[in-house]
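Please open the model in your viewer and keep the selection panel at hand. The tour moves from one bound molecule to the next, with a pause at each contact.

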Amino acid sequence: MLKPKASPLTFPRLLLTGAAGQLGQEMRPRLKAYCDVLRVSDQKNLGAAQLGEEVQITNLANASDMQSLLTGVDAVVHLGGISTEQAWEPILASNIVGMVNLYEAARLQGTKRIVFASSNHVTGFYQQDEVIDTKMPPKPDGFYGLSKAFGEDLAEMYWARWGIETVSIRIGSALPAPKDRRMLSTWISFDDLERLVVAALTAPIVGHTIIFGMSDNQTSWWDNTHAKHIGYRPLDSSDVFRHEVEARQPHIDRHDKAALYQGGAFVKVAPHGE
Ligand code: NAI
Ligand code: 15L
């Protein structure tokens with residue numbers, strides 16, 4: 001956790017969705033330094049409200065509940081949703097219907113800034129020897145990546161029509177340490193993720209900006225040239241884990257599609273039930 005500072009750029013009420021998830025649990029204590037009240041929400045149990053928190057159990061797919069969730073909210077960090085390749089139905093409910101409900105509620109309740117947890121799987125079918133930027137066309141690697149591409153297009157439409165600003169963060173791999181050689185390029189530390197989320201919340205003008213979420217890794221496939229106005233400066237790097245990770249995975253199977261494409265194993269996952 002970064003040393004909380006008395007940031008002049010605090011929000012009266014900040015909403016964190018997906019607060020019971022892996023990243024939500026990391027961001028929940030961190031985001032308190034940037035708001036007066038942190039409203040935390042998820043469909044799962046969130047425990048008791050801590051000092052400065054409001055807890056609201058809400059299903060993203062329920063439109064009327066989402067109106068209530070967004071009441072009085074100045075900005076949103078939207079981590080809620082299905083976070084892996086799954087069958088279409090749950091993805092449709094949480095990531096498509098849930099996203100429309102979020103933006104409709106933001107529009108009607110007057111919320112003006114959203115940080116959306118998109119994913120590198122929007123561009124998962126680019127190859128690992130290609131460097132891509134955020135103006136290049138999406139190449140989703142499954143229903144999950146496709147739902148995140150929809151979310152980015154929805155954010156763009158709500159900016160154009162209603163002036164709601166969004167930073168769509170195509171998060172790479174956010175976890176304590178990279179697990180394999182692919183993650184040496186895609187990894188982002190929790191501290192860098194906090195830096196990126198805060199930059200996305202506080203940059204003066206963002207419109208709808210897409211940015212890749214990775215630490216300052218020696219190898220990278222992602223060019224954030226078009227997102228420099230966000231002011232994200234990673235301070236961590238997967239390089240400190242490189243020797244250990246390469247020793248664990250010395251050989252790459254070039255016939256394995258997971259080794260060829262940026263989406264890794266996601267490009268091979270069949271929807272559940274097959
Ligand atoms: P997670 O699966 O641990 O957390 C997601 C949370 O959303 C869960 O607590 C779940 O209960 C909640 N949720 C799902 N559907 C819901 C619904 N209909 N209503 C209310 N809550 C619902 O995922 P994680 O790893 O914490 O990721 C957070 C976000 O970041 C997700 O949107 C994911 O797609 C995105 N992301 C995460 C990456 C990572 O490395 N962890 C990488 C790229 C994107
Ligand atoms: C994601 O979008 C997932 O939510 C996360 O669990 C990881 O699989 C990550 O992508 C990744 O590509 O490593």
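Begin by selecting ligand 1 together with Gln43, where a polar backbone atom of Gln43 lies 3.3 Å from a nitrogen atom of the ligand. Keep in mind throughout that this is a predicted model.

Next, add Leu79 to the selection: one of its backbone N or O atoms is 3.0 Å from an oxygen atom of ligand 1. Then turn to Tyr144, which contributes through its side chain, an N or O atom of which lies 2.5 Å from an oxygen atom of ligand 1. If you now show the surface, you can follow how the protein covers 89% of the 820 Å² of accessible area that ligand 1 has on its own.

With the surface still displayed, note that the space taken by ligand 1 is the largest pocket. Colouring by secondary structure shows which elements give two or more residues to the shell around this ligand, namely helix H1 (22–30), strand S5 (113–119), helix H4 (143–162) and strand S8 (173–174). Strand S5 deserves its own selection, since the largest share of the shell, three residues, comes from it.

Now expand the selection to the whole shell of ligand 1, which holds 26 residues, the closest being Leu23, Asp42, Ser83, Tyr144 and Ala174. Coloured by residue class, this shell divides into nine nonpolar, 14 polar and three charged residues.

Move on to ligand 2, which sits in the largest pocket, the space that is also taken by ligand 1. Select the residues around ligand 2, which are Ser83, Ser119, Asn120, His121, Tyr144, Gly172, Ser173, Arg182, Met183 and Phe266. Ser83 and Tyr144 should already be familiar, as both are listed among the closest residues to ligand 1 and both are found around ligand 2.

Which side chains place a polar atom at 2.8 Å or 2.7 Å from an oxygen atom of ligand 2? Display Ser119 to find a polar side-chain atom 2.8 Å from a ligand oxygen, and then His121, where an N or O atom of the side chain is 2.8 Å from an oxygen atom of the ligand. Finish with Ser173, a polar side-chain atom of which lies 2.7 Å from an oxygen atom of ligand 2. Of the 320 Å² of accessible area that ligand 2 has on its own, the protein covers 73%.

As a last step, colour the shell of ligand 2 by residue class, which separates it into three nonpolar residues, six polar residues and one charged residue.

Key: Residues numbered from 1 in each chain as written. Chains lettered and ligands numbered in written order. Predicted model: local features only at pLDDT ≥ 70, side-chain atom pairs only at ≥ 80, totals over all residues. Heavy atoms only, no water. Near = heavy atom within 4 Å. Polar contact = N/O pair within 3.5 Å; in protein donor to acceptor, adjacent residues only side chain to side chain. Areas by Shrake-Rupley, 256 points an atom, 1.4 Å probe, with all protein chains shown as cover. 1 Å grid on protein atoms, 1.4 Å probe; cavity = no way out; pocket = protein on both sides within 12 Å on 5 of 7 lines; lining within 4 Å. Sits in = over half its atoms within 2 Å of the grid points. Helix = DSSP H or I, 4+ residues; strand = E, 2+ residues; numbered from the N terminus. Nonpolar A, V, L, I, M, F, W, Y, C, P; charged D, E, K, R; others polar.
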